[in-house]
Amino acid sequence: MKNLKHLERLQQIHQRIQNENTGSPIEMAKYMNLSERSIYNLIDELKILGAEIYYNRTSKTYYYCNDFKIELNISLKVITEGDARNLY
């Protein structure tokens, strides 16, 4: 579940950057209930994935300089004991 939460945070920060509605790093950290360091780490992860991210001090928002898109699809299905037997 820890990895799932991390992916959700990445998706949330991506959407805010895409909409150019992040606020300052401190504001975003408060909004997402994270530390400021965690925000910087998430931004660094997006940069590793190929995002060119910059910060506009006037608008107080992060924004993409390239056409960066990320799509996270998470699916969870509960398998009953009978279904599990059919798999094997």
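The following dialogue examines a predicted model of one protein chain.

Trainee: What makes up the chain in terms of helices and strands, from the N terminus on?

Mentor: The chain has 4 helices and 2 strands. From the N terminus on, the elements run α-α-α-β-β-α.

Trainee: How do you know whether the chain has the radius of gyration of a compact globule or not?

Mentor: One sets its value against the rule. A compact globule of 88 residues would have a radius of gyration near 12 Å, but this chain has 17 Å. The chain therefore does not have the value that the globule rule gives for its number of residues. As for its extent, the C-alpha trace spans about 60 × 30 × 20 Å along the principal axes.

Trainee: What share of the residues counts as buried?

Mentor: Of the 88 residues, 26% count as buried. A residue belongs to this group if its relative accessible area is under 20%. The chain exposes about 6,800 Å², and carbon and sulfur atoms supply 47% of that area.

Trainee: Why is isoleucine 26 called partly exposed?

Mentor: Isoleucine 26 has a relative accessible area of 46%. Buried means under 20% and exposed means over 50%, with partly exposed in between. The value of 46% lies between these two cut-offs, so isoleucine 26 is called partly exposed. This residue lies in helix H2, which covers residues 25-32.

Trainee: Which residues of H2 are buried?

Mentor: The buried residues of H2 are Pro25, Met28, Ala29 and Met32.

Trainee: How do you know on which side of H2 they lie?

Mentor: The buried residues cover an arc of only 100° around the axis, and therefore they are on the same side of H2. On the other side of H2, Lys30 and Tyr31 are exposed, which means that each has a relative accessible area over 50%.

Trainee: What covers the buried residues of H2?

Mentor: The cover includes helix H1 (2-18) and helix H3 (36-48), as well as strand E1 (53-56) and strand E2 (61-64). To be counted as a contact, heavy atoms must lie within 4.5 Å.

Trainee: What is the phi of the residue that follows H2?

Mentor: H2 is followed by asparagine 33, whose phi is positive, near 60°.

Trainee: What portion of the contacts joins residues at least 24 apart?

Mentor: Among contacts between residues at least 6 apart in sequence, 47% join residues at least 24 apart.

Trainee: How far apart are the mean positions of the positive and negative charges?

Mentor: The chain has 12 positive and 11 negative charges, and their mean positions are 6 Å apart.

Methods:
Residues numbered from 1 in each chain as written. Predicted model: local features only at pLDDT ≥ 70, side-chain atom pairs only at ≥ 80, totals over all residues. Heavy atoms only, no water. Rg over C-alpha atoms; globule rule 2.2 N^0.38 Å. Buried < 20%, exposed > 50% of the residue type's maximum accessible area, 1.4 Å probe, protein only. Areas by Shrake-Rupley, 256 points an atom, 1.4 Å probe, with all protein chains shown as cover. Lys, Arg positive; Asp, Glu negative; His and termini not counted. Charge placed at Lys NZ, Arg CZ, Asp CG, Glu CD. Arc of directions from axis to C-beta.
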